[in-house]
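Work through the exercises below with the sequence and the model side by side, and try each task before reading its solution.

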Amino acid sequence: LPMAFRDVNARRHIGLQQLASLALAGRTLLGPMKSCKFIVDESTSQSTLICSAVRLIESLDLTSAAGQLLNETIQAQNKEFKTGMSTLLFLTGAWSNAVLECLQQNVPVSAIVSVMSEGLNSCCERVQCLQISIHDVNKELCSSGIRPNAFKSETCQIGHDSLLNPQCFLYLQKDISAPEEVIPIISCSYQEDDCNFNKCLASPLAGCGSIASLVKPVGDKNTSVISGSGVIASSCNKPKLTHSRYFSTLGKSHFSSQQGHFQGHLSGQSADPCECYGLGHLAMTLSHGNEASVKLLQSIVAYQQQRAERSGSSQFNIAEIVTCCLLGLPESYSCVSQGFVTLVSPEQAKVIKRFEGKPLRILLMDGDLTEQYRHLGFTRPCNVRTVLEHRSLQEGRAGDLWLSSMLDILISFEVDMVLVKGNVCANLMERCIANSILVVGSVTRDVLCAFGEVTNAQPVTYLTQLNAACVGSGAQVELWKACDGRAMDLGELVPVRIKAHEIPLLTAVLTTTVASKMQLVEDRFWTLVYRLHHALIDEKVFLGGGAVELLCLSHIQMLAEQPLQPANKDAVREFHSPWLAASVTECKSVVLQALASGWKQYLSVVMCNTAQAASELEAHASVDHHLKKAADCGSPSAYILQEFRRGHLLRDGSGPFADHRAGLRVYDNVTAKTEAWRRALDLVLLVLQTDAEIITGRKRNQLLNPHLSNEFMFL
């Protein structure tokens, strides 16, 4: 981290320079072909492989105020969308440098804030013409003869297990003669009910009449409905900047981060042949070259759509998807298993071997299984003096009494298996193993809900609340077996599968032989899942491949070239001064050009990262060439749409992708992308105004004195 700040100039705004320096570290993470980085802990010499802005910022020791704000902004984007963090990080740095250049030209802070905010709002409105509905995506790809599993690249021949496997662009080839490769779903032993989906998975998402349509055109009576709300569109209202560590998300808090349930109204067999592939097309176009994850997700989608046709449940429910990471197996062993796959100790595995093939009585606990645990909101008795908060269970008979009483409760109700949301007391775990009771901790709430629905078990907070009605039945447990039918023993941990009759839960089992790559594999999978999830919420997607950013750049430059007009009455009223209003009008072109420089840098870096340009100078020339052709066309949006459909957008025709341009279709999320833009600009303007307030106080001259400024710490 100190190296990131080596170029900070004490005479300029420190906070903006720190944002730009931190963002520079994530430059290679932009675009579909990301360059992975090794983060090394100097104290332990341990390293981890990262390929996302979230993991990069988490790994850095952020001691500055600007760094903390950047971390919170990226974490907020990750929590809500799971995508767009690299874009947010890059634009934060690009616009920080742009604002610094404006300050060097003596542009007032108020003018920077006003013009940049209005410019971004104008961009959000302008790019709406590049949105395409999910129905149209399926229709276009289906008419072009592209299959969901035509995921084959001649330029990416490096194997699954290669650590340096580049993430190539998504190739949607028209050649579908090769047999399709499918990720299998390992289902349970209920052959007649739960295992007959393998017929569908032999060719997932195939069969034009077999998979119901999730999304219908606007005006269709069978349009899918999102539970709890309608479609949430990205608002382009002027953001209110507030000097706070946290950014307000009240306007959209109900929108995402809810692991929602898609209540699709089924319409039977699809009458439109362009709906025949269901969500397979959409998942593939949003994958951005993530081949391994898209195959897993297509298998999950196929299973959930088949189940939806039978039971009328949601067609894509993100709450019914969990992951289990298995270190030590090749990536080719990654698969989807029905039920809940998790890791247990070898001692617990011995208990499981006794339970195989037997129906078990199951208990669900919504909390920790420890003596010290108290539920949220617990009120301690009044007039009680606490002598010791936590006593050790090994101090004598007091600890043994609690252990014995808890074990007696489990035995009295004949509980075979306990799923615990939180932590489990190690001593109690040992006693349960000795009495053939399986206890599994750190189980998510979604998993508890899934088992509660199919086993009729009622979650309890404390074992003392347990009664006969809370214990469910019909659960089963077995050692997890790979696709080749072999059970796996990974040494310290053993993978097992917990299941029940007709449980909708699916586990994506992610495998790799490289320890530092495990987190990367899981992040990529969840990124794709949430891209599909939010695309269904928006019911539309953006054209990808830089189309949206190119239109933003063209639009901003067009606004910057407009002739200056006198300040109107509204501007005078807003700034409470004719002089300030006039300065905003005069500086508008400069500020807009600075805003446009962020988009131009974005496109140039993406082109360099994807080997479409040998240098940023060449990338800048290519972008300028497209801008000129768009301006000559008279309608930049029409030109960009035409080039996108031809596959010529931001390509010179001589790169490794030249032979497959016609089949390329890449799309992006609408709300996630625009929110990343807004968060980046809000952060930059927040730090800008905070810095401005600090250096315009009562001791402004003293603070700006280069000989005395070292005595003060700036944000």
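The structure shown is a predicted model, and the exercises go from single residues to a sheet and the helices on it.

**Exercise 1. Decide whether C470 and C51 are buried or exposed, and find how many disulfides the structure holds.**

Begin with C470, whose relative accessibility of 9% makes it count as buried. Turn next to C51, which also counts as buried, because its relative accessibility is 6% and the cut-off for buried is under 20%. For the bonds, recall that a disulfide is a covalent bond between the sulfur atoms of two cysteines. The structure holds zero disulfides. C51 is accordingly in no disulfide, and the nearest cysteine sulfur, which belongs to C36, is 3.6 Å away, whereas a disulfide calls for a pair of sulfur atoms within 2.5 Å.

**Exercise 2. Locate N456 and E539, and state for each what phi is near and whether the residue is buried or exposed.**

As background, most residues other than glycine have a negative phi. N456 has a positive phi, near 65°, and its place is in the loop between α13 (445–455) and β13 (472–479). With a relative accessible area of 55%, N456 is exposed. For E539, phi is near 65° and positive as well, in a residue other than glycine, and the place of E539 is in the loop between α14 (518–538) and β16 (540–543). Its burial, however, is given by a relative accessibility of 19%, so E539 counts as buried, the cut-off being under 20%.

**Exercise 3. Give the order of the six strands in the open sheet, and explain which strands stand at the edges.**

Reading across the sheet, the order is β9-β14-β13-β10-β11-β12, with mixed pairing. The edges are taken by β9 (340–344) and β12 (438–440), because each has a single partner strand, so that one side of each is left without a neighbour in the sheet. On average, neighbouring strands of this sheet are turned by 35° against each other, direction ignored. To follow one pairing, take β9 and β14 (residues 494–500), which pair in the antiparallel sense over five bridges; F340 has I498 as its bridge partner in β14.

**Exercise 4. Identify which strands helix α10 touches and which strands α13 touches.**

Helix α10 (residues 346–355) packs on the sheet and touches β9, β10 (360–365), β12, β13 and β14, while its direction makes about 115° with that of β13. α13 also packs on the sheet, where it touches β9, β10, β11 (417–420), β13 and β14, and its direction makes about 140° with that of β10.

Methods:
Residues numbered from 1 in each chain as written. Predicted model: local features only at pLDDT ≥ 70, side-chain atom pairs only at ≥ 80, totals over all residues. Heavy atoms only, no water. Buried < 20%, exposed > 50% of the residue type's maximum accessible area, 1.4 Å probe, protein only. Helix = DSSP H or I, 4+ residues; strand = E, 2+ residues; numbered from the N terminus. Pairing = 2+ DSSP bridges. Axes fitted to C-alpha atoms, helices over the stretch in contact; angles between N-to-C directions. Contact = heavy atoms within 4.5 Å.
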